[in-house]
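Student: I should like to learn how to read a structural model feature by feature. May we take helices, salt bridges and cavities in turn?
Tutor: Certainly; let us place the structure before us and begin with a helix.

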Amino acid sequence: MTKVTLAIENISELITVAGENAPRMGKAQGEIEKIKDGVVLVSGDKILYAGDKKNAPKYEKSDDFVLIDGTGKTVTPGLIDSHTHLVHGGSRENELDMKLNGVTYLEILERGGGIMSTLRQTKEMSEDELFEQAKKSVERLISYGVTTIEAKTGYGIDDFNTEMKQLNVADRLGKELPVDIVKTFMAAHAIPEKYKSNPGEFIDIVINDYLPKIEADGRCKFCDVFCEKGVFNAEDSKRLLEAAKKHGLTPKIHADEIEEIGGTKTAADVRAISAEHLIKCSEKGVDELKEGGVIANLLPGTSFNMGDGIFAPARLMIEKGVPVAISTDYNPGSCPTENIQLCMYLACLNMKMTPAEALVGVTINAACAIDEQDKKGSLMEGKLADITIFDAPNINYVLYHFGVNHTDKVIKNGKVAVSYTHLTLPTTPYV
């Protein structure tokens, strides 16, 4: 009899997202089994059983056995934030007034603000300073139920040492905090000032100089590029991503965030694992994503913060069979929030996704968007015991009661990483 190290019993709503380790698309994205009186059994860092009480195996308790009462709770796979710009210097709260006065994202960029401001601050800060800043964000992400984070470079661009500094910090975060950090190389995040007249020349440098070094370093799993008006065109983006594949990196692409310039076709042509943003994606673009087998990684918090009321066409994507993931896009400019639960709510409210579809978007589909689906994204025997417990009777309540943190506990690799207790009020009233 296998010894059990942790058990969650009497679960009001258990959602395992069990099934194939593949993206859920079309109707399947919203088809999740909701188990009443569920049980989850963990042995070491792996799931032993997740299902209803009547079929749960008898077990032997380990010496350090932990029992959690799931009464009134919703239990899901650990949430996955598959798109962040986690490690960066400083902040950009000074841009809020500009935005409220009608200055656009690209206009702020042209004035030396936006990402250029973050580039300067990231270069100036030490690794230790960047770590302490990013640590706060990671702790917040975990507090909202996140157990795995994708983190992009891209605040060094033509300063390769700063790109490496970001990777070093991301590495340290994953080692010192109860979270997995999956790393993406994104030097092609903005055009360096000296290459403004010829962005392709910078792409050549990234291809010929940076990519061999990143391959030798071995820490990055993906390569991303900002394919957008005023940044890199579709041709240069494709050149970079094709070269990245030759260096062992899987392509991702920022596409159709502000204007549609061919990013979805590029994503399909290079067989990118995911295309990010897609706010201005057309029906043709959706068809291209479908044909290319590309996951649409949508970032509703960014649309909300940009304030123009335009959101990615999630419903059209789901109807056409494109799998949808949901992420925070945590970054210091367009989406400075670590609240993935709020982003799930915005996906429901503004992109008309159901709570079930949104949950799939931050579990198995998010896992697929970072190629972690064999280990994460669902509660199934043999997978890592990454589990989020919500202090809510069902997943619909989590997203209906918005703007608050419903996390009760976060379990990472079979161990309780976060546990919240309720406020105990004094027996005598305040005066």
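Student: Which residues in α4 are buried?
Tutor: Please note at the outset that the model is predicted. A residue is called buried when its relative accessible area is under 20%. In α4, this applies to L130, F131, A134, S137, V138, L141, I142 and S143.

Student: What covers the buried residues of α4?
Tutor: The cover includes two helices, α3 (115–124) and α5 (160–176), together with the strands β7 (79–81), β8 (146–152), β16 and β17 (415–419).

Student: How many residues does helix α4 have, and what should they span?
Tutor: The general idea is to compare an expected span with the separation of the end C-alpha atoms. Helix α4 covers residues 127–143, which is 17 residues, and at 1.5 Å a residue these should span 24 Å. The end C-alpha atoms are 24 Å apart, so the two values agree.

Student: Which residue with a positive phi follows α4?
Tutor: That residue is G145, with phi near 105 degrees.

Student: Let us turn to charged pairs. How many salt bridges does a search of the whole structure find?
Tutor: The search finds 33 salt bridges. To read one, take the distance from side-chain nitrogen to carboxyl oxygen, for which the cut-off is 4 Å. Between D180 and K412, the N to O distance is 2.7 Å. D180 belongs to strand β9 (residues 180–188) and K412 to strand β16 (residues 407–412), so this salt bridge ties together parts 232 residues apart in sequence.

Student: Is K412 buried or exposed, and how does D180 count?
Tutor: K412 is buried, at a relative accessible area of 5%, whereas D180 is partly exposed, at 24%.

Student: Which side chain meets K221 in a salt bridge?
Tutor: E372 does, at 2.7 Å from N to O. This pair also links distant parts of the chain, 151 residues apart: K221 is in strand β10 (residues 220–227), and E372 is in the loop between α14 (364–369) and β15 (387–390). As for accessibility, K221 is partly exposed at 25%, while E372 is buried at 7%.

Student: What else does the side chain of E372 meet in a salt bridge?
Tutor: E372 also meets K375, with an N to O distance of 3.5 Å. K375 is partly exposed, its relative accessibility being 41%. When pairs share residues, one reads them as a network. Here the network links D180, K221, E372, K375, K376, D386 and K412.

Student: Finally, how many cavities of 30 Å³ or more are there?
Tutor: The count is four. For each cavity, one may read the volume, then the lining, then the residue classes. The largest has a volume of about 130 Å³. Its lining comprises 13 residues, and H85, Y105, H189, N331 and S334 are those nearest the centre. By class, the lining of the largest cavity holds four nonpolar, six polar and three charged residues.

Student: Which residues line the second largest cavity?
Tutor: They are Y105, L109, I115, M116, H189, A190, I191, K196, F226, G230 and V231. Two elements, α2 (105–110) and α3, give two or more residues to this lining. The second largest cavity holds about 60 Å³ of space, and its lining divides into eight nonpolar residues, two polar and one charged.

Key
Residues are numbered from 1 along each chain as its sequence is written. This is a predicted model: local features need pLDDT of at least 70, side-chain atom pairs count only at pLDDT 80 or more; totals for chains, interfaces and linings use all residues. Side-chain values use heavy atoms; hydrogens and water are left out. Helices (H or I, at least four residues) and strands (E, at least two) are DSSP runs, numbered from the N terminus. Buried means under 20% relative accessible area, exposed over 50%, partly exposed in between (1.4 Å probe, protein chains only). The expected span of a helix is 1.5 Å times one less than its number of residues. Contact means heavy atoms within 4.5 Å. On a 1 Å grid over the protein atoms alone, a cavity is a set of points where a 1.4 Å probe fits but cannot get out, and a pocket is an open set with protein on both sides within 12 Å along at least five of seven lines; lining residues have an atom within 4 Å of a point. Grid points are joined across faces, edges and corners, and a volume is the space filled by probe spheres set on the points. Ala, Val, Leu, Ile, Met, Phe, Trp, Tyr, Cys and Pro count as nonpolar, Asp, Glu, Lys and Arg as charged, and the others, Gly among them, as polar.
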